[in-house]
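Dear colleague,

I am passing on the structure below, together with some notes on what turned up when I went through it. Please look at it alongside the text that follows.

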Amino acid sequence: MEPLLKVEDLTVYYFTRKGVVRAVEDVNLEAYAGDAVALVGESGSGKSTLGYALLKIIPPPGRIVKGRVVIDGVDVTSLEGEELRRVRGSLVSIVFQDPFTTLDPVRRVGDQVAEVLTEHGVPKEEARARVKELLTSVGLPPRLFNAYPHQLSGGQRQRVAIAMAVALKPKVIVADEPTTALDVVVQRQIMDLLDRIRASGATIVLITHDIALAAERATKIAVMYAGRIVEYGPKDEVLNSPQHPYTKGLLASVPTLESSEWPKPIPGVPPDLRNPPPGCRFWPRCPYATDECRRYLPKLVRVGPNHYVACLMVGR
Amino acid sequence: MEVLGKLVSKVLKSLAPSVPERGRGMVYVGLGIVLAVVFMAAAAPLLTPYDPTKSVADPFLPPSWGHPCGTNKLGMDMWSRIVYGARTVLYVVFSAIALSMAVGVPLGLISGYFGGKVDRVLSMVMDAIYAFPSLVLAITLAVALGPSLVNAAIAIAVVYVPTYFRMVRGQVLSIKEELFVEMTRVLGLPTKDILFKHILPHLLPTIMVVFSLSATDAVLTEAALSYLGLSVQFPTPDWGYDLYRGKGFVLSGYWWLIFFPGLMITLLAAGFALVGEGLSEQVRREVM
Amino acid sequence: MGLGRYVATRALLIIPTVLILYTLVFLILRVLPGNPVIAALGTKNIPPEQLHKLMAELGLNKPLYVQYFDYLWRVLHGDFGTSMVIRGRSITADILERLPATIELSVAGLIVSLVIGLLTGLGASVKKDTPVDAGLRIFGAVTYTLFIPWLGLLFQLIFGVWLHLLPVSGRIDPSIQLKTVTGFYILDSIITHNWVALKSCLAHLILPAITLGLVLSGPYTRLVRSNMIKQLESNYVFAYLARGVRNRKVIMHALRNALIPVVTYAGLQFALLLGGAVLTETTYDWPGIGTYLVEKVSYRDYPAVQAVVIVFAFFVGLISLIVDLIYAFLDPRIRY
């Protein structure tokens, strides 16, 4: 089976006035239909940028410098202009983190969802009918069609955003911290909704800093640090036998109900991506770092079926 | 004139280090224009040999070397009228604004600081005046007082009192709660001192911005009043008045009768406007 | 709060403003030095009995506060009294006759302002931080300082005298007959299918409208620009693009959000519009309330001047109310 989503050597830089920020570097990923890939990492690790890259919607001054994103056989990175516009929302779509600012405040919610359809060739009448169906499918009463965003709660607005994201049945849906702004109860509902969507054959890329969430919902986990993927594999493997020191550190820093010890934070701070250290980017904080780590950038190495790690110390 | 010059350079020096790039450029250009006009007014006798109120040549002469701005219906040299007209305009504008400030700033300070019923009533009145077309109000006042330069100045002054009042009051309201004001109260300083020695200095940047912006308005209002025949009287030179006189001859094609006076009005107004814009960019940046 | 209550609340606020202005004008015109009758007649040499008789006729010998309420009462019934100078002529009739002209000019001027402001603001925001942006911003800052009579007279010189392209005075070619239904010549010519008249009206309206509109467009340029920039940088615009909505549509949506403060501003600046209209009217011999005011002022016809000022005050209040309504319509967050 061919992977639905393939990311090859993706590199994204932001060319700012204060220097070039190497937000994402040499990222390689694969995912299949029905997968939920969790992109896990601290803020600034490049996970959102990677997510935006899947739609080729990096805001200036950012640019995809190298690599490709292939979704269902379509090289998104090679598309421009009208072709790119058509693909956004229909082949791959995104749900943003803050439901309070991502909807147009002066237009009715139903109109905004309908617009997603009409801008992609669906006739107006049909679009209206489909919107009512979509609203129901995300758990909203169809009469909310005429509501304005400020009349809805955060959870409801996020459902609207999800309705817009699935309207054209895209193959890949990027969910950038979809529940961070919402309370835990609503979080569960939203994640359940995303699970149902996944069941119908889409691939979800879940961007989150919350490992617990990833543990619960993901099928595959990709750990990102300083713009690079340091570990990637099936959820159980990554969680139960983490190979990368950062992953180990992350897991150790999460409080659990079972252990009686304090969780251990990872000392230090992530590097400035305008001037990342040579060699492995994690070495300043890594308890296993050696001189070699300082000099050579580790590449992803296979340590198990579908399990990859970028660390020089692996196996030693 | 001397005093004015000294004041201006003092203001300039205090501004120079803190005015950011774009703002600074605008302030300098604007100030340059204003000072050029001030110079024109001050050095009038040096700039032209003619008396602007007397007929010195044939009427309706187009611009030439002898008369760079031509002559009007009565054979008066237009360039002289421009140069001496600067005196009239500056006199009215500065006295009007001085009067406006003298009334508006203290009222704003008091109203903002003490609050209460007085503040509410005063604010309502000032807001009503502020919302009303300033030109119409100025016209009404000028009519009631009778046409003269002094009365025009008073009319303009009244119109801009609310502007100063609101600006000062607004600032006072926000500064009132600051710690250093509390301290002056705790120290038991006389209220008059608190208001004028401690709060007022903080308002100076804003007052300067409002000053330049109201100067722009004042120039245009003064010109409007004399254009409508409500301020100066013949034969006093004044740019708006010359427009009033020249209007009737447009159809005959005597363009210089209106071009030069009107140009000066716009130029002086633009000068003040640039200063105001430049200063307000600086104030904005300081606030941010 | 509901639209109805919102409107009612705003409407009530006009009353104190108009009252204050009425009082102010009353004080100015009655209290300030000078006997109005003498001023109007232009001479001090009137036999005392005749003076008293005239004053009694005009009600000027009653105590001030009586005059104050008297006049107020009559105004509320739509009666502005009669002109002091042209005996017997109803001021109300005069005003009603001239009001449409001023409204027509003001609306045209406002439209021109908005169009200029919209185009320049949009251009500046889209080309942010380029020389185009800087140029347009300076343009916006400077147009305000163009002295309206000067600009108007120059336009007349260029387009009327030198190029013979456009008429320079009046509302319509005097030789054309137009049946006036509403008083708004443009509407009237459309209603009566009088296309010759329509053409003439528009030709007469162009220069004054552009003069007025150009000078007042500056703030709109700035406002549209800064608001558009704010919108274009907002999250929902990014979200629109991520959904594959076309660029042009996104700009339209952003514009609608950006225009809300512009509308409010238009209302606040209505006073400026009226002031500018007065100058424009006198420059173009446009037969509106502005020229009426100036005429009456030169004759010292106090009752007429007072009436005009009250009308102006009322309109300023009315417009701010209408602006509030439009604002509520545009921004659903206010209504619900």
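How many bridges join strand 4 (residues 62–71) of chain A to strand 5 of chain A? The two strands, which run antiparallel, are joined by two bridges, and two is also the smallest number of DSSP bridges at which strands count as paired. Before going further, I should say that this is a predicted model, in which local features need pLDDT of at least 70 and side-chain atom pairs count only at pLDDT 80 or more, while totals for chains, interfaces and linings use all residues. Residues are numbered from 1 along each chain as its sequence is written, and chains are lettered from A and ligands numbered from 1 in the order in which they are written.

To stay with chain A, A:Ile71 stands opposite A:Val74 in strand 5. The open sheet of chain A consists of four strands in the order 2-1-4-5, with antiparallel pairing; strands here are DSSP runs of E with at least two residues, helices are runs of H or I with at least four, and both are numbered from the N terminus. Because strand 2 (19–31) and strand 5 (74–75) of chain A stand at the edges with a single partner strand each, one side of each is left without a neighbour in the sheet.

Chain B, by contrast, has 11 helices and zero strands. Of its 288 residues, 49% are buried, meaning that 20 or more other C-beta atoms, placed from the backbone, lie within 10 Å of the residue's own (12 or fewer would make it exposed, and anything in between partly exposed). Helix 6 (residues 134–145) of chain B reaches 16 Å from its first C-alpha to its last, close to the 16 Å expected for its 12 residues, the expectation being 1.5 Å times one less than the number of residues. Of those 12 residues, 11 are buried, among them B:Leu135, B:Ile139 and B:Val143. Just after this helix, B:Gly146 takes a positive phi of about 100°.

As for how the chains meet, 26 residues of chain A are in contact with 19 residues of chain C, a contact being two residues whose C-beta atoms, placed from the backbone, lie within 7 Å. On the chain A side, helix 2 (81–87), strand 6 (92–95) and helix 3 (109–118) each supply at least two residues. Chains B and C share the most contacts of the two pairs of chains in contact, whereas chain A and chain B do not touch, their nearest C-alpha atoms being 18 Å apart.

With best wishes
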